[in-house]
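This report looks at how the parts of one protein model fit together and then turns to a few individual residues. Please keep the sequence and the structure in view while reading.

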Amino acid sequence: MVKLNKNYNNLKKSYLFAGIARRIKEYKEANPSADIIKLSIGDVTRPLTKTVVEALEKASKEMGAAETFRGYGDEQGYAFLQEQIKNYYKRNTGVQLESSEIFVSDGAKSDVGNFTELFDTDNTVIIPDPVYPVYVDSNIMNGRHIVYIEGNEANGFLPLPDQNTKGDIIYLCSPNNPTGAVYTKDQLKLWVDFANKQGAVILFDAAYESFITDDTLPRSIFEIEGARTCAVEFCSLSKTAGFTGTRCGYTIVPEDIMINGVSLNKMWLRRQTTKFNGTAYIIQRGAEAVFTSEGYAGCKENIKYYQENAKIIASTLDKLGIWYTGGINSPYIWLKCNMDSWEFFDLLLQKAGIAGTPGSGFGKCGDGYFRLTAFNTKEKTEEAMRRFEKLFI
Ligand code: MLT
């Protein structure tokens, strides 16, 4: 008889955001007149920019004409998009990449999850707590041993390695989801040196880099000397360009990472060519448009819009004297709720019709905290904060 992967028994019953969506749906069914404002999952509300839409339309038309029709695409993504990503890295971070190091994908989440396949299940994984739950869940699925390193108010939710830290695979997310904290260059250097010394690999999630407003903060781990021999970077257009429904991301695997004489880049290429047939041509043309000067200016406008929402949330919390962090270099506000995170979730939902994300969903250290996103519309964010204020004044 077929045997199932028993590691799935060690997962929580549902993925965090699927569980929240179910709870909101159940509440809505029981209270049909409830007007719920979602500040929970980080899903964008601004439409795609005009430049991107035009590129998508043009590419769709090309697919409908025999002379311009395209079948299977280039394995790592089309050269036109790789080139734009390369140029973007150069002007945004000063980092020089080779095209062979850029893998276009359908988003950071799938790559982050799939990348674990390249590593033996014997490895120990270091995961900061609290953090994006995909890192934990995908390693539980593979049965790997996880060591959590504590993020808290004292270390600004930016844990660093010390003499007791041991592990082979390190996940870092900066700007951090959920706390919005961003590692400085000096702090990332500590992680890079640690990884190179231990022969470990850093899986760096840069999905929120475009929200960084402080120019002294690193937007890519490759801004740090030594990162090319130990780090892989995942990025996505979901939050940068409103692609949560359009799906496009990219993973950078430097040619310089060699593990026991094996190139991680070539291993990932082998994996992707076997199991992934690429992101749709039409979508890659839309992604190409994001990186043009006109396209990127439109995306920046949308990011500014969300940053204004973050200010609306922050000013309400300031008024109420509630401790929070994030919102400046990140679309998330991480607040202290001084009670069980799930109790706070129920309280907000039932008394104010606001849905957020309980901090404990991101790890044990997140209990007593709560995440609100700035991704809803301005009007709904304002209304949510009016209700929030009324509840806690
Ligand atoms: C979040 O809300 O943390 C993100 O939207 C989830 C994701 O990007 O998969």
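In this predicted model, the protein is divided into two domains, of which domain 1 comprises residues 7-47 together with 294-392, while domain 2 comprises 51-62 together with 70-292. The centres of domain 1 and domain 2, taken over C-alpha atoms, are separated by 25 Å. Across the boundary, 36 residues of domain 1 are in contact with 40 residues of domain 2, and the two domains bury about 3,200 Å² between them, with 60% of that area on carbon and sulfur atoms. Tyr15, Tyr296 and Asn329 supply 22% of the area that domain 1 buries against domain 2, which is more than any other three residues supply.

Polar interactions also link the two domains, with 20 residue pairs in polar contact between domain 1 and domain 2. On the side of domain 1 that touches domain 2, α10 (293-320), β11 (324-326), β12 (332-336) and β15 each supply at least two residues, and α10 gives the most, with eight residues. By residue type, this side of domain 1 divides into 18 nonpolar, 12 polar and six charged residues. The count of salt bridges between domain 1 and domain 2 is one. Elsewhere in this account of charged pairs, Lys336 forms a salt bridge with Glu153, and the closest N and O atoms of that pair are 2.9 Å apart.

Three residues in regular secondary structure are set side by side below.

| Residue | Element | Relative accessible area |
|---|---|---|
| Leu372 | strand β15 (residues 369-373) | 0%, buried |
| Leu391 | helix α12 (residues 378-392) | 27%, partly exposed |
| Gln82 | helix α3 (residues 79-93) | 8%, buried |

Leu372 counts as buried because its relative accessible area is 0%. Leaving aside neighbours within four places in sequence, Leu372 is in contact with Leu39, Ile313, Pro331, Tyr332, Ile333, Leu335, Gly356, Met385 and Phe388. Leu372 and Thr357 are 15 residues apart in sequence, and their C-alpha atoms are 6.6 Å apart in space.

Leu391, by contrast, is classed as partly exposed because its relative accessibility is 27%. With neighbours within four places in sequence again left out, Leu391 is in contact with Leu347, Leu348, Lys351 and Ala352. One of these residues, Leu348, is 43 residues from Leu391 in sequence, with 8.5 Å between the two C-alpha atoms. Gln82 touches Gln76, Gly77, Ser99 and Ile102, not counting residues up to four places away in sequence.

The backbone also has some features to check in the loops. The peptide bond from Asp129 to Pro130 is cis, with omega near 10 degrees, and Pro130 lies in the loop between β3 (124-129) and α5 (133-141). The peptide bond from Asn177 to Pro178 is likewise cis, with omega near 20 degrees, and Pro178 is found in the loop between β5 (169-173) and α6 (185-198).

Are the residues with positive phi, Phe157 and Asn260, buried or exposed? Phe157, a residue other than glycine, has phi near 60 degrees and sits in the loop between β4 (145-150) and β5; Phe157 is buried, because its relative accessible area is 4%. Asn260 has a positive phi of about 50 degrees although it is not a glycine, and its place is in the loop between β9 (258-259) and β10 (262-263). Asn260 counts as exposed because its relative accessibility is 80%.

Notes:
Residues numbered from 1 in each chain as written. Predicted model: local features only at pLDDT ≥ 70, side-chain atom pairs only at ≥ 80, totals over all residues. Heavy atoms only, no water. Helix = DSSP H or I, 4+ residues; strand = E, 2+ residues; numbered from the N terminus. Buried < 20%, exposed > 50% of the residue type's maximum accessible area, 1.4 Å probe, protein only. Contact = heavy atoms within 4.5 Å. Domains from an automatic or database assignment. Buried area = accessible area lost by both parts, 1.4 Å probe. Salt bridge = Lys/Arg side-chain N within 4 Å of Asp/Glu carboxyl O. Polar contact = N/O pair within 3.5 Å; in protein donor to acceptor, adjacent residues only side chain to side chain. Nonpolar A, V, L, I, M, F, W, Y, C, P; charged D, E, K, R; others polar.
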